[in-house]
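Q: I'd like to go through this structure with you, a piece at a time. Could you keep the answers tied to what is in front of us?

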Amino acid sequence: MNDIIILPGIGGSGEAHWQTRWEYADPHMRRFQPGDWDRPQLADWIQALDSAIASASEPPLLVAHSLACLLVAHWHAVRTRPIAGAFLVAVPDPTSAAFPAEAASFAKVPTERFRFPSLIVASSNDPFGTIGYAQMRAAQWGSRLAEAGAVGHINGKSGLSDWPEGRALFRSFAQGIKPSEG
């Protein structure tokens, strides 16, 4: 089984967040470690992601939330290590009023098609990114898109607990990746 790297967004996904719950429940999952969760700097986050990927025993799967979805696009544009795929949840729109000012270094999002399989999961009432924005990014990045319904920002505040629907989407995505795709 592939290593799975958890990529939280700004703030690092607290105890109530599905990413943290998944990580605690699955020994194949580990969290990348940037220098600062609250004042993200793009270069630091790219380096932290690249280091986490380099330490994997085989091309890993990435499980990104919010700002970390943009990180994956930025990392893809400047690094070439292989990954098996990326599961991208709640892609934020840097032009929205809700986008955090402290994440400004992530705002110029690359539009290149990914060289690995990816799935974007979007909520119909996410205050940080609309379904339309998720559809645009899916088209640019060559990602599949799954709409999760009205579940806010798909985070701890959404009350999803372990988010079993998301876990099922992730399992299906991971099982659908062919070894040559990574």
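Q: Starting with the helices, how are α2 and α3 oriented to each other, roughly parallel or roughly perpendicular?

A: This is a predicted model, and in it the axes of α2 and α3 come within 10 Å and cross at roughly 75°. Angles of 65 to 115 degrees count as roughly perpendicular, and α2 and α3 are therefore roughly perpendicular to each other.

Q: Which residues make that contact?

A: From α2 the contact takes in L42, W45, I46, L49, D50 and I53, while α3 contributes L67, L71, H74, W75 and V78.

Q: And how do the residues of the contact of α2 with α3 divide into nonpolar, polar and charged?

A: Nine of them are nonpolar, one is polar and one is charged.

Q: D50 was in that list; what does D50 form a salt bridge with?

A: D50 pairs with R79, and the closest N and O atoms of the two are 2.9 Å apart. Because D50 sits in helix α2 (residues 42-54) and R79 in the loop between α3 (67-78) and β4, the salt bridge ties together parts that are 29 residues apart in sequence. The pair also belongs to a network of salt bridges that links D50, R79 and R81.

Q: Are D50 and R79 buried or partly exposed?

A: D50 has 6% relative accessibility and so counts as buried, whereas R79, at 25%, counts as partly exposed.

Q: How many salt bridges are there in total?

A: The count comes to six salt bridges. One of them joins R21 to D162, with the closest N and O atoms 3.3 Å apart. R21 belongs to helix α1 and D162 to the loop between β6 (144-147) and α5, so this salt bridge ties together parts that are 141 residues apart in sequence.

Q: How accessible are R21 and D162?

A: R21 counts as partly exposed because its relative accessibility is 32%, and D162 counts as partly exposed because its value is 40%.

Q: Switching to α1, which of its residues are buried?

A: In helix α1 (residues 18-25) the buried residues are W18, Q19, T20, W22 and E23.

Q: What covers them?

A: The cover includes the strands β1 (4-7), β2 (29-31), β3 (61-65) and β4 (85-89), together with the helix α5 (164-175).

Q: E23 is charged, so what forms a salt bridge with E23?

A: R31 does, with the closest N and O atoms 2.8 Å apart, and both R31 and E23 are buried.

Terms used:
Residues numbered from 1 in each chain as written. Predicted model: local features only at pLDDT ≥ 70, side-chain atom pairs only at ≥ 80, totals over all residues. Heavy atoms only, no water. Buried < 20%, exposed > 50% of the residue type's maximum accessible area, 1.4 Å probe, protein only. Helix = DSSP H or I, 4+ residues; strand = E, 2+ residues; numbered from the N terminus. Contact = heavy atoms within 4.5 Å. Salt bridge = Lys/Arg side-chain N within 4 Å of Asp/Glu carboxyl O. Axes fitted to C-alpha atoms, helices over the stretch in contact; angles between N-to-C directions. Parallel < 35°, antiparallel > 145°, perpendicular 65-115°, else oblique. Nonpolar A, V, L, I, M, F, W, Y, C, P; charged D, E, K, R; others polar.
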